[in-house]
Amino acid sequence: MALLETRGLTKEFGGLTALDDVDIDVEEGELVSLIGPNGAGKSTLINTITGRLHPTEGQVSYAGTELVGMKPFEIAQLGVGRSFQTASILPELTVRENVQVASFAAEHGSFRVNFFRRRDSFDEVQSRTNDILDTIGLDSKARMEAGSLPYGDKRRLEVAIGLATDPDLLFMDEPTAGMSPTETQMTVNLIHDLLADWGMTIFLVEHDMDIVFDVSDRIFTLHQGRLIAQGTPEEIRENPAVREAYLGGGEQ
């Protein structure tokens, strides 16, 4: 059984079909990427899988558990994490506090004040936070206010917030958007580390095709809400439908 499966996943907004009968499967330990032009349905697919949108039709299962109808925090508690494309940090808190809050919120569904009453839980969160900041490379900036970080560090903090939920499957939504070449390479190295050292399964949405072809085991291609291709990087690179819809002249 695949770790993540969707079957017949469809999402309509009024007369617009944003997702049209999408079937995907992700095996444990894989890195899969989702590509497609703007408006292809990539964000809708992730939002539907992670409980932020309710599908019009279809099923989503994770490790054999049906996700449709569950709240986002309940899905996170099963082991599905996410780093957002748009800023999700709390700028007035320190880097460390951002990770801690995300960790407690995932554990309890929202950040509530049993924070200080549960010392065992607090110690576990402290240890997890240290590991995450070390992995992300933000341990030296742990005491800085998140809002004062450079752009690339803010994006890495968003990944750290996704990791704070202790996921087995991590969705990474445009993690290198707006980054310099140096920051981009640091993020690619981080992705490799998460796969090798954390044993994580990663679902990547990324516009940079060099990154996608470098890190992916398999690639799914959406176009106008439909899954038009899936396969290895080599298969996707040579696929005529992908070339026409995405790689070929249009938007990169």
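**Helix packing, core composition and backbone geometry**

Thr-184 is found in helix 6. In this predicted model, Thr-184 is buried, its relative accessible area being 13%. Beyond its neighbours within four places in sequence, Thr-184 is in contact with Thr-176, Met-179 and Ile-211.

Helix 6, which spans residues 181-197, packs with helix 5, residues 151-163, at an angle of about 15 degrees, and the two axes are 10 Å apart. Helix 5 is therefore roughly parallel to helix 6, angles under 35 degrees being counted in that class. The crossing of the two helices is right-handed. On the side of helix 5, the contact is made by Gly-152, Arg-156, Val-159 and Leu-163, and on the side of helix 6 by Glu-183, Met-186, Thr-187, Leu-190 and Leu-194. Classified by residue type, this contact between helix 5 and helix 6 has five nonpolar, two polar and two charged residues.

Both helices also contribute to the largest nonpolar core. This core holds 29 residues, of which Ile-136, Leu-157, Leu-163, Ile-202 and Leu-204 touch the most other members. Two or more residues are given to the core by each of helix 3, helix 4 (119-136), helix 5, strand 7 (169-173), helix 6, strand 8 (201-205) and helix 7 (209-215). Helix 5 supplies the largest share of the core, namely five residues. Leu-163 thus has two roles to note: this residue of helix 5 takes part in the contact with helix 6, and Leu-163 is also among the core residues that touch the most other members.

A polar side chain of helix 3 was examined next. Gln-100 has its place in helix 3, residues 95-108. Gln-100 counts as buried because its relative accessibility is 9%, the cut-off for burial being under 20%. With neighbours within four places in sequence left aside, the contacts of Gln-100 are with Val-125, Gln-126 and Thr-129.

Helix 1, residues 42-49, is largely enclosed by the rest of the structure, since seven of its eight residues are buried. The buried residues of helix 1 are Lys-42, Thr-44, Leu-45, Ile-46, Asn-47, Thr-48 and Ile-49. Just after helix 1, Gly-51 takes a positive phi of about 90 degrees.

Positive phi values also occur outside glycine. Most residues other than glycine have a negative phi. Ala-63 departs from this pattern, with a positive phi near 50 degrees, and has its place in the loop between strand 4 (57-62) and strand 5 (65-66). Asp-166 likewise has a positive phi, near 55 degrees, as a residue other than glycine. Asp-166 lies in the loop between helix 5 and strand 7. With a relative accessible area of 45%, Asp-166 is partly exposed.

At the level of the whole protein, the model comprises nine helices and ten strands. Of the 252 residues in the protein, 49% are buried. Among contacts with a separation of 6 or more, 66% are between residues 24 or more positions apart.

How values were computed:
Residues are numbered from 1 along each chain as its sequence is written. This is a predicted model: local features need pLDDT of at least 70, side-chain atom pairs count only at pLDDT 80 or more; totals for chains, interfaces and linings use all residues. Side-chain values use heavy atoms; hydrogens and water are left out. Axes are lines fitted to C-alpha atoms, for helices over the stretch in contact, and angles run from 0 to 180 degrees between N-to-C directions. Helices (H or I, at least four residues) and strands (E, at least two) are DSSP runs, numbered from the N terminus. Angles under 35 degrees count as roughly parallel, over 145 as roughly antiparallel, 65 to 115 as roughly perpendicular and the rest as oblique. A crossing is left-handed if the near helix is turned anticlockwise from the far one by less than a right angle, and right-handed if clockwise. Contact means heavy atoms within 4.5 Å. Ala, Val, Leu, Ile, Met, Phe, Trp, Tyr, Cys and Pro count as nonpolar, Asp, Glu, Lys and Arg as charged, and the others, Gly among them, as polar. Buried means under 20% relative accessible area, exposed over 50%, partly exposed in between (1.4 Å probe, protein chains only). A nonpolar core is a set of buried Ala, Val, Leu, Ile, Met, Phe, Trp, Tyr and Cys residues joined through side-chain atoms within 4.5 Å.
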